[in-house]
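Welcome! Here are some short exercises with worked solutions. Take a look at the model first, then try each task before reading on.

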Amino acid sequence: MDPKEQLRMHSVNCLDQHVRKAPESVALIWERDEPGTEVKITYRELLETTCRLANTLKRYGVQRGDRVAIYMPVSPVAVAAMLACARIGAVHTVVFAGFSAESLARRINDARCKVVITFNQGLRGGRVVELKKIVDEAVKNCPTVQHVLVAHRTENKVPMGELDVPLEQEMAQEAPVCIPESMGSEDMLFMLYTSGSTGTPKGLVHTQAGYLLYAALTHKLVFDYQPGDVFGCVADIGWITGHSYVVYGPLCNGATSVLFESTPVYPNAGRYWETVQRLRVNQFYGAPTAIRLLLKLGDVWVKKYDRSSLRTLGSVGEPINNEAWEWLHKVVGDGRCTLVDTWWQTETGGICIAPRPSEEGAEILPGMAMRPFFGILPTLMDEKGNVVEGDDVSGALCIAQAWPGMARTIYGDHQRFVDSYFRAYPGYYFTGDGAHRTQDGYYQITGRMDDVINISGHRLGTAEIEDAMADHPAVPETAVIGYPHDIKGEAAFAFIVLKDEAGDVDVVVNELKSAVATKIAKYAVPDQILVVKRLPKTRSGKVMRRLLRKIITSGAQDLGDTTTLEDPSVIQEILSAFHMHKERRAATK
């Protein structure tokens, strides 16, 4: 093989190699918002669309190494946009199409994107989403953006400004052939922003060769992918799960990948299973949040549909509780499907701990990720930074050696990358999660150890929510924690201190909720906001969020060491306010 061809393998492996062998095999099934309106796209069609889009990007000045923001919901054009960037050596950063204009602008500016690709509007759950309006609002504050390429999801016309380019019209003028750029194995492929324990999102960088290798291998082996299978990952492409298991992993393996545009309850709670029946899905990969919601709505919606095509069920985004695991296994999978509870992160690029691959017939335990993938060396650490040996032990989950899919840096701030992941336990990658190793040597994830909460599978730094509320003139102080939630897994709980002249408390609370929705996204809005006179602080002025978490989860039982607390009477003060808050909530239900 030509050495240059080896360096083009990223784009070639996802498209060209399959077009050479089986051009009419189906690459994507676009499961659109309205059930029964799916669209199938062959590998040949996807390659041609990708090449036309790549040529359009080049014509509008996008060069190797330039960053391109993609603000689109799950769709074939969005997949083609990602692959078009990869083909010409540009770096894509997909921003979840539920983020606000302010969040989008922050990511565009951090990445210094030259071009934004979006839709006129989106459709989700029977509702129209005004994507172009959000982009218009964002790019007002993005000086690096030279062009906004606008594709059309609906027939509705939207105002076009001087930066705007009608994407389909421009693509029609381009050739369906584009020679892939030769890239080095460690050149940037994409950036994806994730929340951290500080307020600023981190632009994690994944590179060409290692990422694709890891995504493809984990897709094949964890889910037992076989040629001809229809792989149904229902994640949004705005998250790493969509990158690795909707786009890159399945396409590298020549699979048929389902693009799920809708919601699990539109038009009713049977949507997932009706889709499985109609498309004959073989692997289903979803989030515990959706599973818990559907479980509460009853078995009838599942049993109404034929799920005999399913072989593997997967869970992703957060630890799955036993009740949801059992329901997914016994009701959805009829007790016959392999169920893989997968643990991994944006930073890891692909699945790191899962029950499969393993020896044939090896046990799978409910609610447990269990076994490290090839090359992954999990290590548990204690509070003093020592390795925890033996079994039936718990600690901070670290990984002891590098693996191909791991992120390489935080864009523009390598020191933050080092500080975030390698400073706590030198010589180890610190995941931020705690874990328990069972007597049999299996791993069970116990949840986040830092100030990051997991709302419906979306990681969100508590500091981000605090920052969004901090600008309110009536709120001098705020603290946000995560707490258990029946459906979401975790929800945000905000404690706020108000100035004496704050005025109507309900008005302030509604303004704070609106501020979070505007600055981050609607899913980030705290489920509960409690007004308190002051926050519990150490003598050095640090807010003790651990105590706030104890108050709302266990009523201040077993507070642990409070010797550094400046004024212990604050605990009773907050506890009284919390009890009144609970009574008011109960009275309004």
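**Exercise 1. Two helices that meet**

Task: Work out how α5 and α6 are oriented to each other, and which residues make their contact.

Solution. Helices α5 and α6 are oblique to each other. To see this in the predicted model, start with the axes: those of helix α5 (residues 101–111) and α6 come within 8 Å and cross at roughly 55°. Angles under 35 degrees would count as roughly parallel, and 65 to 115 as roughly perpendicular, with the rest, apart from those over 145, counted as oblique. Next comes the hand: α5 passes α6 in a right-handed crossing. Now look at the side facing the partner. From α5, the residues A101, L104 and A105 meet I134, V135, E137 and A138 of α6. Sorted by class, this contact has six nonpolar residues, no polar ones and one charged residue.

**Exercise 2. The sheet beside α6**

Task: Find the order of the eight strands in the open sheet with mixed pairing, then place α6 on the sheet.

Solution. Reading across, the order is β9-β8-β5-β3-β4-β10-β11-β19. The edges are β9 (164–166) and β19 (409–410), each of which pairs on one side only. Helix α6 (residues 131–139) packs on this sheet and touches β3 (67–71), β5 (115–119), β8 (147–151) and β9. The direction of α6 makes about 155° with that of β5. For a closer view of one pair, go to β4 (residues 91–94) and β10 (residues 188–194), which run in the parallel sense over two bridges. There, H92 stands opposite F190 in β10.

**Exercise 3. An antiparallel sheet**

Task: Which strands are the edges of the open sheet ordered β17-β18-β20-β21?

Solution. This sheet has four strands with antiparallel pairing. Its edge strands are β17 (378–381) and β21 (443–448), since each is listed as pairing on one side only. From one strand to the next, the twist averages 45°. At one end of the order, β17 and β18 (residues 393–399) are joined over four bridges in the antiparallel sense. One residue pair to look for is P378 with its bridge partner in β18, I399.

**Exercise 4. A second helix pair**

Task: Describe the crossing of α17 and α18 and the classes of residue at their contact.

Solution. The axes of α17 (residues 545–554) and α18 (residues 569–588) come within 10 Å, crossing at roughly 40°. That angle makes α17 oblique to α18. The crossing is right-handed. On the α17 side the contact uses L547, L548, I551 and I552, while α18 supplies I571, I574, L575 and F578. By class there are eight nonpolar residues, with no polar and no charged ones.

**Exercise 5. Unusual spots in the backbone**

Task: Where do P267, P357 and M370 sit?

Solution. Begin with P267, which is in the loop between β13 (256–260) and α10 (271–279). A cis peptide bond joins Y266 to P267, with omega about -5°. Another cis peptide bond links R356 and P357, with omega about 5°. P357 lies in the loop between β16 (338–341) and β17. M370 is also placed in the loop between β16 and β17. Its phi is near 75°, a positive value in a residue other than glycine.

**Exercise 6. The whole chain**

Task: How many helices and strands does the protein have?

Solution. There are 18 helices and 26 strands. The radius of gyration is 24 Å, close to the 25 Å that the globule rule gives for 589 residues, so the protein is as compact as a globular protein of that length. Along its principal axes, the C-alpha trace spans about 70 × 60 × 50 Å.

Definitions and conventions. Residues numbered from 1 in each chain as written. Predicted model: local features only at pLDDT ≥ 70, side-chain atom pairs only at ≥ 80, totals over all residues. Heavy atoms only, no water. Axes fitted to C-alpha atoms, helices over the stretch in contact; angles between N-to-C directions. Left-handed = near helix turned anticlockwise from the far one by under 90°. Contact = heavy atoms within 4.5 Å. Nonpolar A, V, L, I, M, F, W, Y, C, P; charged D, E, K, R; others polar. Pairing = 2+ DSSP bridges. Rg over C-alpha atoms; globule rule 2.2 N^0.38 Å.
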